[in-house]
Amino acid sequence: MSPIDRVAHLNRWRSRPLSEKALLTFGMLLLDVTLPPYPTALTVAIVMTLAALAGARVPIRVWLACAAAPTGFLLAGTLSLLLQVDGHGLSLAPGGPAAAAGLACRSEAGLACLLFLSLTTPASDLVAGLRRLGVPAEITEMALLTYRFLFLLADTAAAMNAAQAARLGHVGVRRRLRSLGGLIANLLPRALDRARRLEIGLAARGWNGELRVLSRSAPRSLPGLATVLLIETATATIGLLT
């Protein structure tokens, strides 16, 4: 089980209704993209981070590990707004710092919203919620299989890396680079082979194209929904009046 799945199943808000968590996530995300980034985006990022770390008790190391890669892509993207290259060389773009800061705030707030939902709600609950909303079964099954394949890919890469290290493939820079090239070249074929064997195993067990999974369905809580709406109203008020 991946750390994301483990935390999603064991956090303190695991049993909270999906409607509450989805309303909080997508409501705050809507405020983030529609209202001015200062201070709305900062408020959204703080609220959602505190909801995950203090409310759901998501381990901070897991939160930081999940946020590290998207934040790196974000920082690389903001450089295109911050800097420009012209006849005089590299310089700050006109209005670049403000645009880059606004983009960074909105993106980090959106990332916090999506991390909150993914780290407090298992994939099986999300798929069950989509089914209740009337999303076709083919789409939900494809989403669940794609989610599983991503972790299959990561597991295959970890096993290949461990095998290379056991054969002294990481001794020296040149050998490490050669091993990395071999891992990249062989990762997808091996992962596809494992996925094919997984499909054969499902077919041998009578799979008819639909994965049946157990999912908890907690009843809606009016106090919980009211609390979420109150938080979102307060955040919107801060964004509009500041």
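Does Val-173 count as buried or exposed, and what is its relative accessibility? In this predicted model, Val-173 has a relative accessibility of 62% and therefore counts as exposed, since the threshold for that class is over 50%. The residue belongs to helix α8, which covers residues 173–204. Val-173 also takes part in a nonpolar patch on the surface, together with Leu-177, Leu-180 and Ile-184. The area of this patch is about 420 Å².

Helix α8 also holds Ser-179. With a relative accessibility of 11%, Ser-179 falls under the 20% limit and therefore counts as buried. When residues up to four places away in sequence are set aside, Ser-179 touches Gln-164, Gly-169 and His-170. Helix α8 thus offers an exposed residue in Val-173 and a buried one in Ser-179.

The chain as a whole gives the setting for these residues. The protein chain contains nine helices and two strands. Read from the N terminus, the order of its elements is α-α-α-α-β-β-α-α-α-α-α, so that the two strands follow four helices and precede five further ones. The C-alpha trace spans about 60 × 60 × 30 Å along its principal axes. The exposed area of the protein chain is about 14,700 Å², of which carbon and sulfur atoms supply 69%. Of its 242 residues, 33% count as buried. Among contacts in the protein chain with a separation of 6 or more, 74% are between residues 24 or more positions apart.

The interior can be approached through the largest nonpolar core, which has 27 residues. Within this core, Met-28, Met-48 and Leu-119 touch the most other members. Two or more residues come from each of the helices α2 (18–34), α3 (37–55), α4 (60–82), α5 (96–120) and α9 (222–241). The largest contribution is that of α5, which gives eight residues.

Leu-119, one of the core members that touch the most others, can be followed further through its contacts. Which residues is Leu-119 in contact with, leaving aside its neighbours within four places in sequence? They are Ile-4, Val-7, Ala-8, Asn-11, Val-58, Val-62, Trp-63 and Cys-66.

Definitions and conventions. Residues are numbered from 1 along each chain as its sequence is written. This is a predicted model: local features need pLDDT of at least 70, side-chain atom pairs count only at pLDDT 80 or more; totals for chains, interfaces and linings use all residues. Side-chain values use heavy atoms; hydrogens and water are left out. Patches are made of residues with over 30% relative accessible area and no salt bridge: like charges are joined within 9 Å, nonpolar side chains (Val, Leu, Ile, Met, Phe, Trp, Tyr) within 5 Å. Accessible areas come from the Shrake-Rupley method with a 1.4 Å probe; for residues, only the protein chains shown count as cover. A salt bridge is a side-chain nitrogen of Lys or Arg within 4 Å of a carboxyl oxygen of Asp or Glu. Buried means under 20% relative accessible area, exposed over 50%, partly exposed in between (1.4 Å probe, protein chains only). A nonpolar core is a set of buried Ala, Val, Leu, Ile, Met, Phe, Trp, Tyr and Cys residues joined through side-chain atoms within 4.5 Å. Contact means heavy atoms within 4.5 Å.
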